[in-house]
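Visitor: I am new to this structure and should like to be guided through it. May we look at it together, one residue at a time?

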Amino acid sequence: MTETRFSAFDHHCMARALRLAERGTYTTRPNPMVGCVITQGEETVGEGWHQKAGEPHAEVFALQAAGERARGATAYVTLEPCAHTGRTGPCAEALVAAGVARVVAAMRDPFAQVDGAGFDRLRAAGIIVQSRLMEAQARRLNRGFLSRVERGRPWMRVKLATSLDGRTAMANGDSKWISGEASRRDVMRWRARAGAILTGAGTVLADDPSLTVRFGDDTAFEPPLRVVLDPGLATVARGNVRQGEAPTLYVHTADAKPPRDADVQRVVAPATGSNFDLKAVLELLAGRGINEVHAEAGATLAGAFIAAGLADEVLLYVAPVLLGDQARPLFGGLGIQTMADRLKLEIVDSRMIGEDHRLLLQPAR
């Protein structure tokens, strides 16, 4: 099969479409983020992005902007146009009706109701279809959606703040604040892009976190679901995690006895004793349309996700402080005994956030 050759202008347009798609980071879930650019020759005549789940898709906004100039044009879209009717109509049909001559997509949509059907509809109408332009960037953008569709579980991120000597809290549990104010503001962006913010009962009891998104400006976002792993439902009657507009879900074991007056969302997950089957927990959340899970938990739960091979990335804020060898470690329960057993991570991104060093790491392949 001959590899498609794309021009510099093609790359320029797809890069623009990807930037447009990013504008939906906080508002499109459980849908993917999608951007679209429509051109006549080398002139952009329309562009758009999917702004919110349930509202028009990127192609519709771009076609509306292009109007009659969409006829004979090229449409650059970051994901295969949909071919089914959900809460909105099929974008493939809209492109056909507008008379577009060529569609360039970054990638095929693996969602079962699309998965090539959009391309097939376009080709059946005589439209030239090309794909896999900047595919790696498009997959990175929608890693959560793709994880849920392809693996049956959300993309899992573990966030931690640590001292230079790898400690996350004092021996008595005091952890406020290791990282600086700039880092705490930065975390809000990561929380907002997640479908769920997850923690354990121990963290709720010790720190009483709210696990909400607080921007302090008019940034639009959909409040993520707060998820508490609480085997015995010890925390349902207390805590900031139940306050505010964001919904809260308690995951517990089958033998837990909820308080009679506790009106909460809760669900049973498989467990051995008080230890949850974490893969089953993530699959349960995927079934609720969660694309990304952002975990803010203690060393035990964070270590459990790492040990189970379920942490897709670690978001680590390293503060220029020392807490000493009596303070609590970064991860617990890894069971590493020899250098041969060490877990290797790759640095995906490294930057300064205020006085702290922020690292984004993924398991080495």
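Guide: Let us begin with Val267, which is found in strand 11 (residues 265-268); helices (H or I, at least four residues) and strands (E, at least two) are DSSP runs, numbered from the N terminus. This is a predicted model, in which local features need pLDDT of at least 70 and side-chain atom pairs count only at pLDDT 80 or more, while totals for chains, interfaces and linings use all residues. Residues are numbered from 1 along each chain as its sequence is written, and side-chain values use heavy atoms, with hydrogens and water left out.

Visitor: Does Val267 count as buried or exposed?

Guide: Buried means under 20% relative accessible area, exposed over 50%, and partly exposed in between (1.4 Å probe, protein chains only). Because the relative accessibility of Val267 is 17%, the residue counts as buried.

Visitor: Which residues is Val267 in contact with, leaving aside its neighbours within four places in sequence?

Guide: Contact means heavy atoms within 4.5 Å. With those neighbours left aside, the contacts of Val267 are Leu249, Tyr250, Val251, His252, Leu284 and Arg288.

Visitor: Thr168 is a residue of strand 7; which residue has its backbone oxygen by a polar atom of the Thr168 side chain?

Guide: Strand 7 covers residues 167-169, and Thr168 is buried there, with a relative accessible area of 16%. Beyond its neighbours within four places in sequence, Thr168 has contacts including Ala161, Ser175 and Ile178. The backbone oxygen lying 3.3 Å from a polar atom of the Thr168 side chain is that of Pro329.

Visitor: Where does Pro223 lie, and how far apart are the C-alpha atoms of Pro223 and Thr27?

Guide: Pro223 lies in the loop between helix 8 (201-207) and strand 9 (225-229), and at 37% relative accessibility it counts as partly exposed. Leaving aside neighbours within four places in sequence, Pro223 is in contact with Arg29, Ala246 and Pro247. Thr27 is 196 residues from Pro223 along the chain, and their C-alpha atoms are separated by 9.1 Å.

Visitor: Why is the sulfur of Cys36 not in a bond with that of Cys91, and how many disulfides are counted?

Guide: A disulfide is a pair of cysteine sulfur atoms within 2.5 Å. The closest cysteine sulfur to that of Cys36 belongs to Cys91 and is 8.5 Å away, so it is too far for a bond. Cys91 is in no disulfide either, the nearest cysteine sulfur being that of Cys82, 3.7 Å away. By this rule, the number of disulfides is 0.

Terms used: A polar contact is a pair of N or O atoms within 3.5 Å; within protein, one must be able to donate a hydrogen and the other to accept it, and residues adjacent in sequence count only if both atoms are side-chain atoms.
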